[in-house]
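Work through the exercises below with the structure open beside you. Try each task before reading its solution.

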Amino acid sequence: MKAIILDKIGGNFTLTENWTVPTPSKSQILVQTSFTSINPIEGIQQATGMLVKSWPIALGCDASGIVVKTGADVKNFKVGDRVFGTTRLGTSGHGTFQEFFLMDAPLTFKTPVNLSDEQAATIGSGITAYFVLLNGTNIDLEHRNSNYADEWIILIGAAGSVGQYSVQIAKLWGFKVLAFCAPTNNELVSSLGADGIINHRLPLEEQLREVQKITSGNFSRVFDSSAMATATAMAALAQISNAKDGSKYFATTNDWTTIEPKEGISIYQADVGSIGQGSEETDLNKKVASYIPILEKYLATGELKTMRYEQEEEIGFGGILKALAAFKTKKGSEAKTIARVSL
């Protein structure tokens, strides 16, 4: 089959027509790629080899497609089903920059009838947002819209792909959302439901004054999906939050930097790269799998909206190469980049 591959750290993305079609295990499905998203992680993996298990490798982790084969134990999918989701990062056979790729059935979404394959390909980051936000900040899954109506939550990086879903999820659970983003994204973040916005480019002391002014300290949770604002998040919780010590929560997608503990603040550094890795019976994978039916429901009802996307004009693997090249120069866009792989 065709695939876009890397042969080494620092190598170039190249097209091959002799890549081996992977075989699904008992609990996996084989998917024909319809659309794949381009994400920052692919550039990081190209430059550093982070999370890549073996070389050469076909990367790509977010996609939509059609089931063409199911493993012996798979009961909830059949050939012809439209599906989407996030695959195992850096794992042979699971990359979405190829004609056919593997997905772990328990971690795969069925595409609702109200969503196009283009829209579905943008949603992979939604599972990250849902998992880190709810799991990392101790939000009660069973009490949507009841426990949190008067409480603020701070979401940093709100215009990014994970951030956009985080805003919507926090609103679904009834929080008042204070979003951090660049001023050029204020309209977008407001449209997703943010109740207050702070310019993330302000000096730290000005940011903290704005947090105090808007929330009066009535918050106990901060989620940094940008992975770059630990100082802001920890200072806000330590200096501004009125919550009792022991009930303050900081979650971040930054799992590579050691964060100095502060008494009274629970710190959760999400190991996003481990989602899907190992057995489906790991605690992490079982927890992620339990979230999928809930997200499917919100997508089907329209309560959770997909991201705006920019589609590469060329169809096929040349389109993936062009999208990867264009993505390197793309800065500050709130839209997801996608490429169509098959008709």
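**Exercise 1. Facing residues**

Task: Find which residue of β9 stands opposite Ile-154, and state in which sense β8 and β9 pair.

Solution. Step 1: In this predicted model, Ile-154 stands opposite Leu-178 in β9. Step 2: Strand β8 covers residues 152-156, and strand β9 covers residues 176-181. Step 3: The two strands pair in the parallel sense, over five bridges.

**Exercise 2. The faces of a strand**

Task: Decide how many residues of β8 are buried, and sort them by side.

Solution. Step 1: Five of the five residues of β8 are buried, which leaves the strand mostly covered. Step 2: On one side lie Trp-152, Ile-154 and Ile-156. Step 3: On the other side lie Ile-153 and Leu-155. Step 4: Both faces of β8 are therefore covered, as buried means under 20% relative accessible area.

**Exercise 3. One residue of β9**

Task: Is Ala-179 buried or exposed, and what is it in contact with?

Solution. Step 1: Locate Ala-179, which lies in strand β9. Step 2: Its relative accessibility is 0%, so Ala-179 counts as buried. Step 3: Set aside the neighbours within four places in sequence; the contacts of Ala-179 are then Leu-155, Ala-158, Val-189, Ala-194, Gly-196, Ile-197 and Ile-198. Step 4: For a distance, take Ala-270: from C-alpha to C-alpha, Ala-179 and Ala-270 are 20 Å apart in space, with their positions 91 residues apart in sequence.

**Exercise 4. A covered helix**

Task: List the buried residues of α7 and name elements that cover them.

Solution. Step 1: Helix α7 runs over residues 230-240, and eight of its 11 residues are buried. Step 2: The buried ones are Thr-230, Thr-232, Ala-233, Met-234, Ala-235, Ala-236, Leu-237 and Ile-240. Step 3: The cover over these residues includes β8 and β9, along with α6 (204-215), β11 (219-224), β12 (248-252) and β13 (265-269).

**Exercise 5. The whole chain**

Task: Test the radius of gyration of the chain against the value for a compact globule.

Solution. Step 1: For 343 residues, a compact globule would have a radius of gyration near 20 Å. Step 2: The chain has 20 Å, which agrees. Step 3: Add the extents: the C-alpha trace spans about 60 × 40 × 35 Å along its principal axes. Step 4: Add the burial: 54% of the 343 residues count as buried. Step 5: Add the secondary structure, which comes to nine helices and 15 strands.

Note on methods:
Residues numbered from 1 in each chain as written. Predicted model: local features only at pLDDT ≥ 70, side-chain atom pairs only at ≥ 80, totals over all residues. Heavy atoms only, no water. Helix = DSSP H or I, 4+ residues; strand = E, 2+ residues; numbered from the N terminus. Rg over C-alpha atoms; globule rule 2.2 N^0.38 Å. Buried < 20%, exposed > 50% of the residue type's maximum accessible area, 1.4 Å probe, protein only. Pairing = 2+ DSSP bridges. Contact = heavy atoms within 4.5 Å.
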